[in-house]
Amino acid sequence: MMNYNNIMSKKVQSLAPSGIRKFFDVLDTMQDAISLGIGEPDFVTPWHIREAGIFSLEQGHTKYTSNAGMTKLRTEIAKYLERRFALNYDPLGQIIVTVGGSEAIDLCVRALVEPGDEVIIPIPSFVCYGPITTMADGVPVYIETKAENEFRITSEELEKAITPKTKLVILPFPNNPTGGIMRRQDWEDIAKVLDGTDIMLLSDEIYAELTYGQHHVSPANIPELFDRSMLVNGFSKAYAMTGWRLGYVCGPEQIVKQMLKIHQYGIMSAPTMSQYAAIDALKDGDVDIERMKEAYNHRRQLLLKGLRDMGLECFEPRGAFYMFPSIKSTGLTSDDFCTRFLQEEKVAVIPGTAFGENGEGFVRISYASSVENIETALERMRNFIQRLK
Amino acid sequence: MTEILKLLEEDSRYTPAQIAAMTGKDEAQVRSIIKKCEEEHIINGYTALIDWDRTSEESVTAFIEVKITPQRDDGFDRIARRIYQYEEVESLYLMSGAFDLAVTVTAKSLKDVAQFVSAKLAPIDGVRSTATHFILKKYKDKHRSFQVEAEQEERVLFV
């Protein structure tokens, strides 16, 4: 009998499995259950984009593309970033098309981090940054963002976290799960802190299109930060294309060149069909983004009002499609709240602790769901909270 | 106003309270905008989208192209009025192109539609010709697909 535990990488075994699985396993067995747990658009990819993918198959475009992605796609990405965010990247040397934003994050970390290097990660945030850092032999250093700072990372907090070993700061804004966004002034303050250092930034901007009331500002929009910024974005959230697995990374040519080697050995090239679809998304999809964003915004306001009306403290999210209310007033832990809410009222939401220790006392509710689902979930939450009193 | 109209067009069951929450307006304001739109006939009614094919109810719908001779002073309007007043007429559009009026008619049977065309529609003064097409299947109406899409398999993915 082989003892696999002795054989497998200790590093991999040290990674925590997702603590969320139990909720979805329970959810699967329930009738009339509502899930506001999954973080993906409830829309189907707009037809003209799907059609472009189908047409590429009809045309027989079934082979690899160049490693960095089709030139035409990279050119459209550059045009898009210029048009929507006033960012300028050279499509031929500064952009790699990746398998989702996740691969782009992994490439950045692996290309930059040496054993023992510290990677600063704000929490609560999406779950992948810590494990990816660990796999690259880096050391995650967490900064806890706070509701009173609108879940932004402040220059003071960053300054305190920096040591001589700091290599990289991950900046997940607009933020999953809090909905916090960074403003130009926040970046300018951070630029002052970083001045004179060699610290790089990895800006995960997958929700950049989904901001409400104000336009997204990238750290790369700040001239002093441009040279130290790696920008990650993708098609999943803006165009409801999660299953197409397509993202991209932009940054300084020398770094991109090194990242391309990792991508080339591990991936070869992103799915060709998805690349064709993405070209169509970038060319004709602005209107789809607006349409979906408007729907999210309606649901956002509906959910926010509903939560506040039942007395829950809730930061008004400025981006992405999550609400991150405090459930401290119920006296329950995040995990107990979510477990009981699911068992007693058949609604799945995610405990804040899944996104970092300081998520305790919060839950994440996705509003990428129908108005009907949101209304039903609110009603059930009202009943649930009433019973707790 | 446009935002409210768009929401009602998406789902006319939304209550003023829901619309108020979604748009960040107050409820009284939403109520008064809706009322005003009703009074000004911007909103002309509220209805449900029903796929009668899934019921035991027998009915047929026909799409009829009508060519007419426009009349002095009234143009197409007077003839149109004489057509749309019939209960059977579900919709009526004035068209550009090869014919003038597009009429959709719903009735219990093919025979009833034929009866409507020959006894009521064709004899109207000014109607030059009609061409009747029967609708075989409704795939989509008012932006809603009438097909039931296959459900996606459950996913236990954490993002």
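What percentage of the 389 residues of chain A count as buried? The figure is 49%. Before going further, please keep in mind that this is a predicted model.

I'll stay with chain A for a moment. Chain A contains 15 helices and 12 strands. The C-alpha trace spans about 60 × 60 × 55 Å along its principal axes. For 389 residues, the expectation for a compact globule is a radius of gyration near 21 Å, and chain A has 21 Å, so the two agree. As for contacts in chain A, take those between residues at least 6 apart in sequence: 74% of them join residues at least 24 apart.

Now chain B. Chain B is split into domain 1, covering 2-39, and domain 2, covering 52-136. Between the C-alpha centres of these two domains of chain B the distance is 34 Å.

The rest of this talk is about elements of chain B, beginning with a sheet. How are the four strands of the open sheet in chain B ordered? The order is β2-β3-β1-β4, with antiparallel pairing. In chain B, β2 (89-94) and β4 are the edge strands; each has a single partner strand, so one side of each has no neighbour in the sheet. From one strand to the next, the twist averages 20 degrees.

Take one pair in more detail. β2(B) and β3(B) run antiparallel and are joined by five bridges. Look at B:Y93: its bridge partner in β3(B) is B:A102.

Next, the helices. α4(B) lies across β1, β2, β3 and β4 of chain B, and its direction is at about 165 degrees to β2(B).

Then there is helix α5 of chain B, residues 110-121. Which residues of this helix are buried? They are B:V113, B:F116, B:V117 and B:L121. Viewed down the axis of α5(B), these buried residues fall within an arc of 90 degrees, so they line one face of the helix. On the face turned away from that buried side, α5(B) carries the exposed residues B:K111, B:S118 and B:A119.

What covers the buried residues of α5(B)? The cover includes, in chain B, the strands β1 (60-68), β3 (101-107) and β4 (127-134), together with the helix α4 (77-84). To put the pieces together: β1, β3 and β4 of chain B belong to the open sheet, α4(B) lies across that set of strands, and both α4(B) and those three strands are among what covers the buried residues of α5(B).

That's where I'll stop.

Methods
Residues numbered from 1 in each chain as written. Chains lettered and ligands numbered in written order. Predicted model: local features only at pLDDT ≥ 70, side-chain atom pairs only at ≥ 80, totals over all residues. Helix = DSSP H or I, 4+ residues; strand = E, 2+ residues; numbered from the N terminus. Rg over C-alpha atoms; globule rule 2.2 N^0.38 Å. Buried ≥ 20, exposed ≤ 12 C-beta atoms within 10 Å, placed from the backbone. Contact = placed C-beta atoms within 7 Å. Domains from an automatic or database assignment. Arc of directions from axis to C-beta. Pairing = 2+ DSSP bridges. Axes fitted to C-alpha atoms, helices over the stretch in contact; angles between N-to-C directions.
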